[in-house]
Structures are given as structure tokens and as C-alpha cells.
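Q: Please take a close look at the salt bridges in this model and at the exposure of the residues that form them. A connected account, closing with a note on helix packing, would be most useful.

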Amino acid sequence: EDTISATIKIAHLENSIGDVFNLGSGNETRIKDVIKALIEIMDYQGQIDYNPRRNADVQRHCASVERIEQRIGKVSQTSLIDGLRSAVNSAAQKNAP
């Protein structure tokens, strides 16, 4: 929802053609935290297999949103857990018999 809203706002900005913007919360998010949240949301009881880290593995994400927030205001209104919960629920409804 936040991404769609921000994209629509950007599309209506004057002089934004060709500009590049990051969309995100502006907060660092560890991949491990995303996995923990999904385990909780989905009530997953199975085992998680951890493999040795590879050089190119992403450990965390943090998009700088300063540029876009100067143009359209705060981008992220939804918490990580609420956004993941919404995505999981949407996928479950879409795949329900």
C-alpha cells in the first residue's frame, strides 16, 4: 500500500521524469528479522536451515528515502510486521480453494 501510494504521488510530480527514488522505511532491516516475523505470522513450527554465509549474500537492507521524502513527504506508514501480515493474508486468500 505504501509503495503504491508513493508511486502514484511521484507520477503526479512535476519534473520527476527520469528521476530515481528509493522506496522503503528508511530503517535498516535484517533479513533474519524478516524471517523471524514470517515465522511468527505464519505460525511456522518447522526447522530453519542456516547455511554458511556467502560473500554476495545480503545481510540487511536500508533504503535511503531522504530524496523522495523531500518531494512527497513520509513514504512508510506501515510497519514491517503489518506489511508482512497483509502480504501473507493476501497470498493465502489468492491461493485458497
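**Salt bridges and their setting**

A: Asp33 is partly exposed, its relative accessible area being 29%. This value, like the others given here, comes from a predicted model. The side chain of Asp33 forms a salt bridge with that of Arg30, with an N to O distance of 2.9 Å. Arg30 is likewise partly exposed, at a relative accessible area of 39%. Both partners therefore fall between the limits of 20% for buried and 50% for exposed.

This pair belongs to a count of six salt bridges. Another joins the side chains of Arg71 and Asp19, at 3.1 Å from N to O. Arg71 belongs to helix α3 (residues 66–72), whereas Asp19 is found in the loop between α1 (2–11) and β1 (29–30), so this salt bridge ties together parts that lie 52 residues apart in sequence. In terms of exposure, Arg71 has a relative accessible area of 34% and is partly exposed. Asp19 is partly exposed as well, with a value of 28%.

A further salt bridge links the side chains of Arg54 and Asp57, where the N to O distance is 2.9 Å. Here the two partners are classed differently: Arg54 is exposed, with a relative accessible area of 59%, while Asp57 is partly exposed, with a relative accessibility of 24%. The value for Arg54 passes the 50% limit, which means that the residue counts as exposed. Beyond individual pairs, Asp19, Arg67 and Arg71 are joined into one network by salt bridges that share partners. The pair of Arg71 and Asp19 described above thus has both of its residues in that network.

The note on packing concerns helix α2 (residues 31–41) and helix α4 (residues 80–94), which pack at an angle of about 55° with their axes 10 Å apart. That angle makes α2 oblique to α4. The crossing of α2 past α4 is right-handed. On the α2 side, the contact is made by Val34, Ala37, Leu38 and Ile41; on the α4 side, by Leu80, Ile81, Leu84, Arg85 and Val88. Of the residues in this contact, eight are nonpolar, none is polar and one is charged. The charged one is Arg85, because Arg counts as charged.

Key:
Residues are numbered from 1 along each chain as its sequence is written. This is a predicted model: local features need pLDDT of at least 70, side-chain atom pairs count only at pLDDT 80 or more; totals for chains, interfaces and linings use all residues. Side-chain values use heavy atoms; hydrogens and water are left out. Axes are lines fitted to C-alpha atoms, for helices over the stretch in contact, and angles run from 0 to 180 degrees between N-to-C directions. Helices (H or I, at least four residues) and strands (E, at least two) are DSSP runs, numbered from the N terminus. Angles under 35 degrees count as roughly parallel, over 145 as roughly antiparallel, 65 to 115 as roughly perpendicular and the rest as oblique. A crossing is left-handed if the near helix is turned anticlockwise from the far one by less than a right angle, and right-handed if clockwise. Contact means heavy atoms within 4.5 Å. A salt bridge is a side-chain nitrogen of Lys or Arg within 4 Å of a carboxyl oxygen of Asp or Glu. Buried means under 20% relative accessible area, exposed over 50%, partly exposed in between (1.4 Å probe, protein chains only).
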